[in-house]
Amino acid sequence: MSKEIEIVLPDGSKQKVRENTTLFEIKNQLQEDAVVGSIDGELVDLSTPVKKNSEIAFYDCTSPEGATAICQLVSLLLEEAIKAQHPEALFAKPQREDQTIWVDLRVNQPLSALALKDLEYHIKKRIKADAKIESLTLTVSEAKEIFKDNELKLFALSELEENRLVFVYSFGDVTEFFLEPAALELATAKYFSLLKVSGAYWQGNPDNEMLQRVTGVVFAEKAQLLAHLDYLEESEKRSHQKLGKELDLFMFSEEAPGMPFYLENGLIIRNELQKFLRELQAKYDYKEVKTPLILNQRLWERSGHWDHYKNNMYFTKVADEDYALKPMNCPGHCLIFKDRKRSYRDLPMRMAEFGQVHRHEFSGALNGLLRVRTFCQDDAHIFVRRDQIEQEIALALKIIDEVYKIFGFEYAVELSTRPDDFMGEIELWDEAEASLGKVLTDLGYKYNINEGDGTFYGPKIDIYIKDALNRSHQCATVQLDFQMPGKFDLTYIDENNQAAQPVMIHRAVFGSLDRFLGILIEHYAGAFPFWLAPKQVALLSVAQAHDTGVEELFQEFHAAGIRVEKDLRNEKLGKKIREAELRKIPYILVIGDKELADGSFAVRKHGSASVKQMSKAEFMDVLKQQALEKNHQSY
């Protein structure tokens, strides 16, 4: 007869149980809603027996430990479902990020997205049958023996210490290992959805083989799953790639992967963004410059990019000399500063450029306008004396705040500190980090510290905007750089007629104009505010008899600087209105006898079924006011 041992529960109470009683049995006795537990602080699955006097705890599916456990259980069930349909399938170790899971596998024939429903059905049948999962705890060395015929698993195990313990689970015809325990009760895995099938390079390296990837999401509660699926549906409606095609904004070609082609409508928006920021920068005495697309390799060696960034750069030869397409504008701006003598009276010197840059990205990382290989950076570099640092950082943050208020963006702030591969002296880094932190504190910003995420030449302030779906995007940045002026031997003559080295502030507001446009497309779901809309007013003729009047109005609107289009087709009026709505034109005017006779309009705003009667003069005033104020609100 087994002896009794004493367990201590999280509330401090004690209880006697038989030796080798499992956590599952204790959980049931205590009526705990748990999916994993711990014994003396060590996380284990519920099949684990308690062998001695111990402190135990339980974690339900809403805890971080429980969330991991149910995600791993669904991964195991997914592998079993795939194996049932494709016995030859060989799986890599499943991966997880928050509620998202994915399984990469080698299979004889590509999986189809149509297979997702069949896989879900299979998993749900297995959950309903409540089949048993076999559980083992092994060392990495022992696990390697189990997975000796699967080089994908062996690679993952090879990155672990030989004596580390891993959790090994068998279900049906599959065996898998995890670093944390999985849930063992199948019913806890019922709130999941499989989302897509895609290709994925092994280990994310394009030099490796292409595997198949099945991605899904897992939640603890049904309401959470349904809310997430609604979010995904709304995200799909707002997809900038989908809307970019529908609204004729941009395109991509296999002849230039990751390099956007802007169509007329997209270029109008991009030009308006540049015009807006250009005018704002001019108000604050920024001088706009333009630097070459390619510069000699010597420059990049001098700037430090060769040592710290060359894997992200493109290279070419000109007259047998090595050149690089610029990934950043800062070295070119340093050359402009160095071109002539500068006085302390010239500082701060605010230099801005809408510079086209090129950076290498793996093909698997490309994502429409959000991740490209060439983009326009709204770059600025401010050369300052040390006593001007804080005021110039404050001004840069003021400009960023003004811009983001125009778009209605809320934002969060991070201070990113010295990375491992930093350039320069630690003392200068400490001074730079302190300066950035002081400005943020003095201006009343609440900010987080992002340890080790600064650039190689200096710490930075990163701004994260929140879009309409509450997604976070890092766009604006302010970076303080003591290093590059030294690399380029930049000097100015100070008030004592001595040579002194300036400090360089890197500043971007949009960050990447292309990426910012992609964010705006999704934020507005393609329905841009009036000042940004590619076409601002649509004039629809009721009948052919009204074409001449519509043509005259078209010329009048056009002369007033309004981006207007006309629809004189011999089509039903309802169809014309629907198509103008699909193009998300802010205002639609239907022009018939009445409108031509009395000079008033029945103004239809995009997304609204109602119309508002306005005189032509009144309507034109509304449009001019919205264009001037960059107003999000319509009449």
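Is the crossing of α16 and α19 left-handed or right-handed? Let's work towards that, and then try two more exercises.

This is a predicted model, in which local features need pLDDT of at least 70, side-chain atom pairs count only at pLDDT 80 or more, and totals for chains, interfaces and linings use all residues. Residues are numbered from 1 along each chain as its sequence is written, and side-chain values use heavy atoms, with hydrogens and water left out.

**Exercise 1. Describe how α16 and α19 pack.**

Step 1: Two packed helices are described by the angle between their axes and the distance between the axes.

Step 2: Helix α16 covers residues 547–559 and helix α19 covers residues 616–629. Helices here are DSSP runs (H or I, at least four residues), and strands are too (E, at least two), numbered from the N terminus.

Step 3: The angle is about 35 degrees, and the axes are 12 Å apart. Axes are lines fitted to C-alpha atoms, for helices over the stretch in contact, and angles run from 0 to 180 degrees between N-to-C directions.

Step 4: The crossing is right-handed, a term used if the near helix is turned clockwise from the far one by less than a right angle.

Step 5: L553, E556 and F557 of α16 meet K616, F619, M620 and L623 of α19. Contact means heavy atoms within 4.5 Å.

**Exercise 2. Decide whether S541 is buried or exposed, and list what S541 touches.**

Step 1: Find S541 in strand β31, residues 537–541.

Step 2: S541 has a relative accessible area of 1%, so S541 is buried. Buried means under 20% relative accessible area, exposed over 50%, and partly exposed in between (1.4 Å probe, protein chains only).

Step 3: Leaving out residues up to four places away in sequence, S541 touches H546, D547, V550, D567, L568, L573, K576 and I591.

**Exercise 3. Do the same for A92, then compare two separations.**

Step 1: A92 sits in the loop between β8 (90–91) and β9 (95–97).

Step 2: With a relative accessible area of 3%, A92 is buried.

Step 3: Not counting residues up to four places away in sequence, the residues that A92 touches are E79, D104, L152, K153, E176 and W202.

Step 4: Now take A92 and D248: they are 156 residues apart in sequence, and C-alpha to C-alpha they are 40 Å apart in space.
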